[in-house]
Amino acid sequence: MPTAKDLQSLSDQEVVALARAGAESAYRELVRRYERPVFSLIYRMVRDHALAEDLAQDAFVKVLNALDSYRAEYKFSSWIFKIANNVAIDQLRRRELDTLSLDGSPDARTQEQIEATALQATDRAETPLAELEARELGAAIEEAIAKLRPEYRSCIMLRHVEGRSYEEIAEALDLPLGTVKTYIHRARHELREYLAHLRG
Amino acid sequence: MIHKQLRDAELDATVVRALSRLPSHAPTRGFADRVMARVQLPQPSPVVLYRRARAWAAQPRHALALASGYAAAALIAMAFVVPWLLAHLPAIGFTAEWAAGRASGAARQGLLTLAQWVTSSGAADRFQSLSLSGGRLWLAISALTLGYAGCAAGLHYFLRTPRGKDVPVQLPL
């Protein structure tokens, strides 16, 4: 069986073929390749580190236990993002997490946790210009992403953070290509509006 | 209006730039181990062993070694076989002629046996008395057509390009 170093030079399809042949190192290679993008996607969907880790674990277990049903004509990354996105969306629906909520993560138990996970720019009218200046643009964007509808969020994350093509996103999220483009357009429009508002 | 468009374009560029610079988050240490603890690895079975052999052969180095071994074996075999053939040409010609004679004799004998059976068993009379007109003729034609179509479908199914999980991994050598 190949070593971890051998596996690094192989494509996803080749690693999947080895995993289906029972190579544990191939399973680990798939986890190594996708743990960060999958975790990042889920984390930005649910905004809770521990919950995101549990969900990412569930997504990987689902993927790796169902490798036999993976169809080689599709990109492996599309498949894994599809499952990760479904896991996150299911969780959001199950817990009825209001993604526009400004009350912090639903998993927050103490007052500190609620404050730590709550969106800071809660009241646009009261947000002082100084606050924006003090913040990193990235932090502002993270907050803006958290305000987007989940389907917009998945699209914009896959497109602009993970660098996936429109076609791959459509495949991963089971959406028509036109819908993906519309979602991304609207998401960028909302992010723009948010930033513009912060800038005053 | 133009001012607004410029401002939007500038903001859009800022948004895209900021998105592309967002850090990727990582799970805590030992994430892979926790995942692997819940994953069921395929148990050894003929299918898994076949896939294992296929996956092994699909790796560039192994594929190259297999191809080289095959080519070397073919060359070595030819190195022995060709001189032997050249040295035994008359004998080979005689053997081929003898084998062809035996084969044609056996075929002739088979045909004669079949003809005798048809004559003696009365099958020829039955075929002659069979009336293939009207409905019976169409029935026979339909049955034959359906039979051919069924065989063609079966053959197509058998020879079709494998899809899905049976698609071999294509490796650039």
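**Figure 1. Chain B is built from helices, with 7 helices and 0 strands.** This is a predicted model. Read along the sequence, chain B runs α-α-α-α-α-α-α. The chain has 173 residues, and 14% of them are buried.

**Figure 2. Chain B meets chain A across an interface.** On one side, 45 residues of chain B take part in the contact; on the other, 50 residues of chain A do. Together the two chains bury about 4,400 Å². Carbon and sulfur atoms give 62% of that area. Which residues of chain B lose the most area to chain A? They are Leu19(B), His25(B) and Arg38(B). Together these three account for 15% of what the chain B side buries.

**Figure 3. Salt bridges and polar contacts link the two chains.** The count of salt bridges between chain B and chain A is 5. One salt bridge joins the side chains of Arg38(B) and Asp58(A), with N and O 3.0 Å apart. Arg38(B) is also one of the three residues of chain B that lose the most area to chain A. Polar contacts add to the picture: 13 residue pairs make them across the interface.

**Figure 4. Four helices of chain B each supply at least two residues to the side that touches chain A.** These helices are α1 (2-20), α2 (31-37), α3 (46-58) and α4 (60-87). Which helix gives the most? It is α1(B), with 11 residues. Sorted by class, this side of chain B has 23 nonpolar, 9 polar and 13 charged residues.

**Figure 5. Helix α3 of chain A has a kink at Tyr34(A).** The helix covers residues 24-46, and the kink is about 50°. Shortly after Tyr34(A) comes a proline, Pro37(A). Arg44(A) lies in this helix too. Just after α3(A), Arg47(A) takes a positive phi.

**Figure 6. Arg44(A) touches residues of both chains.** Is Arg44(A) buried or exposed? Arg44(A) counts as buried because its relative accessibility is 3%, and the cut-off for buried is under 20%. Within chain A, Arg44(A) touches Glu142(A), Arg153(A), Met157(A) and Val161(A). From chain B, Leu22(B), Pro23(B) and His25(B) touch Arg44(A). These contacts leave out residues up to four places away in sequence. A polar atom of the Arg44(A) side chain lies 2.7 Å from the backbone oxygen of Pro23(B). His25(B) appears again here: it is among the residues of chain B that lose the most area to chain A.

**Figure 7. Arg47(A) has a positive phi in a loop.** Most residues other than glycine have a negative phi. Arg47(A) is not a glycine, yet its phi is about 55°. Where does Arg47(A) sit? Its place is in the loop between α3 and α4 (49-65) of chain A. Arg47(A) counts as buried because its relative accessibility is 15%.

**Figure 8. Asp174(A) is a residue other than glycine with a positive phi.** The value is near 55°. Asp174(A) lies in the loop between α10 (166-173) and α11 (177-199) of chain A. Is Asp174(A) buried or exposed? Asp174(A) is exposed because its relative accessible area is 59%, and exposed means over 50%.

Notes:
Residues are numbered from 1 along each chain as its sequence is written. Chains are lettered from A and ligands numbered from 1 in the order in which they are written. This is a predicted model: local features need pLDDT of at least 70, side-chain atom pairs count only at pLDDT 80 or more; totals for chains, interfaces and linings use all residues. Side-chain values use heavy atoms; hydrogens and water are left out. Contact means heavy atoms within 4.5 Å. Buried area is the accessible area (1.4 Å probe) that two parts lose on being put together, summed over both. A salt bridge is a side-chain nitrogen of Lys or Arg within 4 Å of a carboxyl oxygen of Asp or Glu. A polar contact is a pair of N or O atoms within 3.5 Å; within protein, one must be able to donate a hydrogen and the other to accept it, and residues adjacent in sequence count only if both atoms are side-chain atoms. Ala, Val, Leu, Ile, Met, Phe, Trp, Tyr, Cys and Pro count as nonpolar, Asp, Glu, Lys and Arg as charged, and the others, Gly among them, as polar. The bend at a residue is the angle between axes fitted to the seven residues ending there and the seven starting there. Buried means under 20% relative accessible area, exposed over 50%, partly exposed in between (1.4 Å probe, protein chains only).
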